[in-house]
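Me: Could you take a close look at one helix for me, covering how long it is, what surrounds it and what comes after it?

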Amino acid sequence: MTAAMQQVAEHLGVRPYDAQLLRFTNNAVFVLPSSGIVIRVARSRRLTDRVHKVVELGRWFEQVDAPTIRLVPEVTQPVEAGDLLASVWQYIPPAPPDPTVKELGPALREFHRLNPMSVPLPQWDPIGDARLRIVDAEGLSDDDRQFLLDWCERLDGPIAALQQRAGLRLIHGDAHLGNLLRDQTGRVVLCDFDATCLGPWQVDLVAVAVGEVRFGRRGAHAALAAAYGYDVTTDPDWPLLREARELKMVVAAVPLLQSSVGVGTEFAYRVRSVKDGHFDARWTPFGEVGQQRGLHSSPRPAV
């Protein structure tokens with residue numbers, strides 16, 4: 001992934017001497033502070049459609065002045081890096097004060113009002129996404145693989161029913177503080193659109209609510225509910241939405257099981273807590289237990 005990033009940098013005519021690895025899940029996300037860019041390299045050619053989707057979204061976000069980060073202008077995207085694809089975004093350096101969940105609420109309301117009729121988007125499909133990660137995963141035991149597939153099977157019907165009765169709106173798909181930035185004007189903007197799709201808008205309020213339980217971030221959910229104007233934990237579909245989010249939080253580790261002992265340990269703990277019905281077991285974000293080797297890594301809160 002580092003070699004792919006360097007190839008993209010060379011194509012752009014910049015030197016990656018100060019590159020830092022921010023995240024390493026479906027994408028290797030590198031920031032090049034001196035060049036003012038972020039390079040997101042998809043880990044697999046199977047993610048080609050997703051890379052094209054986020055690039056199309058990025059162009060559209062610019063047109064409608066959405067509360068989002070921006071693609072680097074005047075660069076033909078996606079950029080090829082050998083057999084992989086990358087997108088290149090404008091870097092927003094950390095600026096005080098850090099964004100808060102109170103600011104996430106208005107950003108999501110504005111995002112949900114957008115009507116992306118010109119951008120073809122998939123429907124929210126947490127079960128399909130989970131299965132794709134599980135089936136081809138290396139480093140996953142047979143028992144864990146079967147447990148996760150059975151979990152998907154159990155949720156499949158209820159999720160499909162929810163899709164049928166819910167109105168489809170633009171949703172970010174992974175709305176939490178780690179995907180919120182403050183630009184140089186002070187505007188709070190969203191980033192990371194891999195999961196952006198059409199689905200029930202309530203999905204975007206679930207990550208913070210579940211994070212409060214699993215990560216002990218007290219007060220975050222109440223603040224978001226007040227800022228957005230809706231308490232998702234009172235929604236009739238809350239138990240299903242919560243379980244779909246927790247499935248995502250567990251399978252997010254699957255691509256990293258062979259690259260990080262810490263991630264593997266945390267993954268095993270999460271699986272055991274779900275199997276045992278410990279719905280209030282405290283989890284640790286994978287970014288805090290899975291430091292990557294090589295370049296300096298600055299993980300941000302995720303799943």
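Reply: Happy to; let's take helix α6. What covers the buried residues of α6 includes α3 (101-112), β6 (169-171), α7 (220-228), α8 (238-251) and α9 (261-275), where contact means heavy atoms within 4.5 Å. Before going further, please keep in mind that this is a predicted model, in which local features need pLDDT of at least 70 and side-chain atom pairs count only at pLDDT 80 or more, while totals for chains, interfaces and linings use all residues. Residues are numbered from 1 along each chain as its sequence is written, and side-chain values use heavy atoms, with hydrogens and water left out.

As for naming, helices (H or I, at least four residues) and strands (E, at least two) are DSSP runs, numbered from the N terminus. Helix α6 takes in residues 203-215, and its 13 residues should span 18 Å at 1.5 Å a residue; the expected span is 1.5 Å times one less than the number of residues. The C-alpha atoms at the ends of α6 are 18 Å apart, which agrees.

Now to its surroundings. Of the 13 residues of α6, 11 are buried, so the helix is largely enclosed by the rest of the structure. Buried here means under 20% relative accessible area, exposed over 50% and partly exposed in between, with a 1.4 Å probe and protein chains only. Val203, Asp204, Leu205, Val206, Ala207, Val208, Ala209, Val210 and Gly211 are among the buried residues of α6, as are Arg214 and Phe215.

Finally, Gly216 follows α6, and the phi of Gly216 is positive, near 70°.
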